[in-house]
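Student: I would like a close look at one topic, salt bridges. Please keep it plain and go step by step.

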Amino acid sequence: MFDLIVIGAGPGGYSAAIRAAQLGKKVACIEKRPGKALGGTCLNVGCIPSKALLDSSELYETTLHKMEKHGIKIGSVALDVAQMLKRKDDVVKTLTTGIAGLFKKNKVTPVYGAAKLTSPTTVQVTADDGSTSTLEAGHILLATGSESTELPFLKFDGQRIVSSTEALTFPEVPKHLIVIGAGVIGLELGSVWKRLGAQVTVVEFLPRTLPTVDGEVATTMQKLLTKQGMTFHLGTKVTGSQPAADPANIVITATGPDGQEVHFEGDRVLVAVGRRPYIAGLGLDEVGVAHDPKSRRVTVDRHYRTSIPTISAIGDLTDGPMLAHKASEEGIIFAEQFAGMQPHLNYDAIPAVVYTWPEVASVGLTTEQLKEQGTPFKTGKFPFLASGRARAMDEIDGFVKVLTHADTDRLLGIHIVGPRASELIAECVTAMEYHGTAEDIARCTHAHPTLSEGVGEAARAAWAGQSVNF
Ligand code: FAD
Ligand code: NAI
């Protein structure tokens, strides 16, 4: 008998299991991924392998195109895709094994197999060899994450028409990669294969890219990716596929913005149109755990309780952004609440990053959201072309945009497109978490010369009406 059974060992589940065990609870964590791999989507087929390939491909791009300007001459440069994939797999292996080590250190019992709820306090586990066992606990936490959404008229075949999982393992660079969906996965994995030499065409249903990102930032990013060689077809609705004359290719059919039929022929198609909660075989209906039939999201209150008092849920399975740090923070908060503590998570200060080059990072509300709400706001901007450090790096694309309340100067949103935006956003999150103002950021001394000065300058522009260095 356990105090807590966690189903799913992704960032949400493993963080919850470890924190609950640290607080004295007897915890089991069940994971069904083959090969007893812990870490969920994030470590195995998500954040980590995609960033490993983004980093490798960025080095390749830098070596090919940026070194000479810095006065570094390199002879012939060759690509070894097999080695690049092996390095990525090694990174994944190190980190997933690390979770097993953390379980051991914190006395979490790992259980390998597919879990199914059989009552509000019991779970049946089916192991790889088909054998079953039953576990019982006072409480059960569901953290089964999400899976790629399939288009009904463009089913994944694992070869030509693929999800992000297969796009992380292409054995050679595609000649022409067609990406359906200009969201985070489309732009990140599109960037990887573009840098490595593929022609990349992105087909997006909406009239814009990155729908959740500040509009001006998304437009800037799209222009920069276009300059890097990606092609975008916005307002274009994919309708299906048909065989191509060349058997190595496939033809995607779509309806363009003016209603005209358009075709795209390529050797690989990455469908990246969103993810949806993974609930297959979990037994939600049998035990009566309420979930939205359309979105599949499990319904929870602000303490992560489902409709069954002894069952809770967190992470991609529940409402909110499908992000690893959102899932892990919820896991920790859940565990601490379960142990009698009273922490809470500020959903207004969860950062989001797109790991293209340059990167996109944001926290808080966008310009469009503020306009829609009718909130009076001020905007302060600072372009990286005016940053000494960005000049020294020769990375001058992009800007920092700070949005504040027009009457109180309180920070409402910060949006960055530029070099190392993923790191710059941390200061902005801290400031927002402390309910800071633009003046608070502007008056912090930022080391010179750093990219972070751009955040200080944009904050100054929002607060004082102008920055000093632009
Ligand atoms: P998951 O990580 O999905 O883990 C759930 C686990 O539960 C899985 O291992 C699954 O096998 C297991 N499971 C499911 N059902 C059962 C069952 N019945 N029995 C036992 N086990 C079960 N987010 C970021 O914040 N930053 C990024 O850079 C980023 N990059 C991404 C790149 C890609 C290509 C993808 C696909 C996603 C990326 N994400 C990123 C999103 C991130 O991976 C998810 O938000 C995060 O993994 C969600 O964590 P989770 O714990 O809710 O679920
Ligand atoms: P997404 O929601 O980011 O983007 C999907 C895009 O596909 C949208 O622009 C949407 O308008 C478009 N689309 C939907 N249906 C379409 C259709 N029929 N034809 C053409 N376009 C269509 O989803 P994505 O990129 O699949 O990523 C899934 C989730 O994974 C995201 O919600 C994100 O939170 C997470 N993720 C996070 C990363 C990060 O934090 N850096 C990296 C990768 C994934």
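Tutor: Start with the term. A salt bridge is a side-chain nitrogen of Lys or Arg within 4 Å of a carboxyl oxygen of Asp or Glu. Side chains of opposite charge can pair when their charged atoms come close.

The model is predicted, so to speak of a local feature takes pLDDT of at least 70, while side-chain atom pairs need 80 or more and totals for chains, interfaces and linings use all residues. Residues count from 1 along each chain as written, chains are lettered from A and ligands numbered from 1 in written order, and side-chain values use heavy atoms, without hydrogens or water.

Now the count. The structure holds 17 salt bridges. We will visit some of them.

Take Lys73 and Glu68. Their salt bridge has its closest N and O atoms 3.8 Å apart. How open are the two partners? Sort by relative accessible area: buried is under 20%, exposed is over 50%, and partly exposed is in between (1.4 Å probe, protein chains only). Lys73 is exposed, at 73%. Glu68 is exposed too, at 59%.

Next comes a pair with a mixed setting. Lys88 and Asp89 form a salt bridge, with N to O at 3.3 Å. Is Lys88 buried or exposed? Lys88 is buried, with a relative accessible area of 4%. Asp89 is partly exposed, at 42%.

The third pair is Arg276 and Glu147. Their side chains meet in a salt bridge, 3.8 Å from N to O. Arg276 sits in strand β16 (residues 275-277) and Glu147 in strand β7 (residues 146-148), so the salt bridge ties together parts that are 129 residues apart in sequence. Those labels come from DSSP runs numbered from the N terminus: helices are H or I with at least four residues, strands are E with at least two. Arg276 is partly exposed, with a relative accessible area of 30%. Glu147 is partly exposed as well, at 24%.

Salt bridges can also join up. Here Asp214, Glu216, Lys381 and Lys401 are linked in a network of them. That is four residues to find in the view: two are Asp214 and Glu216, and two are Lys381 and Lys401.

Now follow a salt bridge to a backbone oddity. The side chains of Asp394 and Lys69 meet at 3.2 Å, N to O, in a salt bridge. Look at the backbone of Asp394. Its phi is positive, about 65°, although Asp394 is not a glycine. Where does Asp394 lie? Asp394 is in the loop between α11 (388-393) and β21 (399-405). Asp394 counts as partly exposed, at 34% relative accessible area.

Another residue shares this backbone feature. His435 has a positive phi of about 55° and is not a glycine. The place of His435 is the loop between α12 (421-433) and α13. His435 is partly exposed, at 49%.

While we are on loops, check two peptide bonds. Trp357 and Pro358 are joined by a cis peptide bond, with omega about -5°. Pro358 lies in the loop between β18 (352-354) and β19 (359-364). A cis peptide bond also joins His448 and Pro449, again with omega about -5°. Pro449 is in the loop between α13 (438-443) and α14 (453-464).

Last, step back to the domains, whose bounds come from an automatic or database assignment. Domain 1 covers 2-148 + 276-345, domain 2 covers 161-273, and domain 3 covers 349-464. The centres of domain 1 and domain 3, taken over C-alpha atoms, are 30 Å apart. Their contact (heavy atoms within 4.5 Å) takes 9 residues from domain 1 and 10 from domain 3. How many salt bridges cross the interface of domain 1 and domain 3? The rule finds 2. On the side of domain 1 that touches domain 3, the elements giving two or more residues are α3 (47-65) and α9 (324-338). The largest share of that side, 3 residues, comes from α3.
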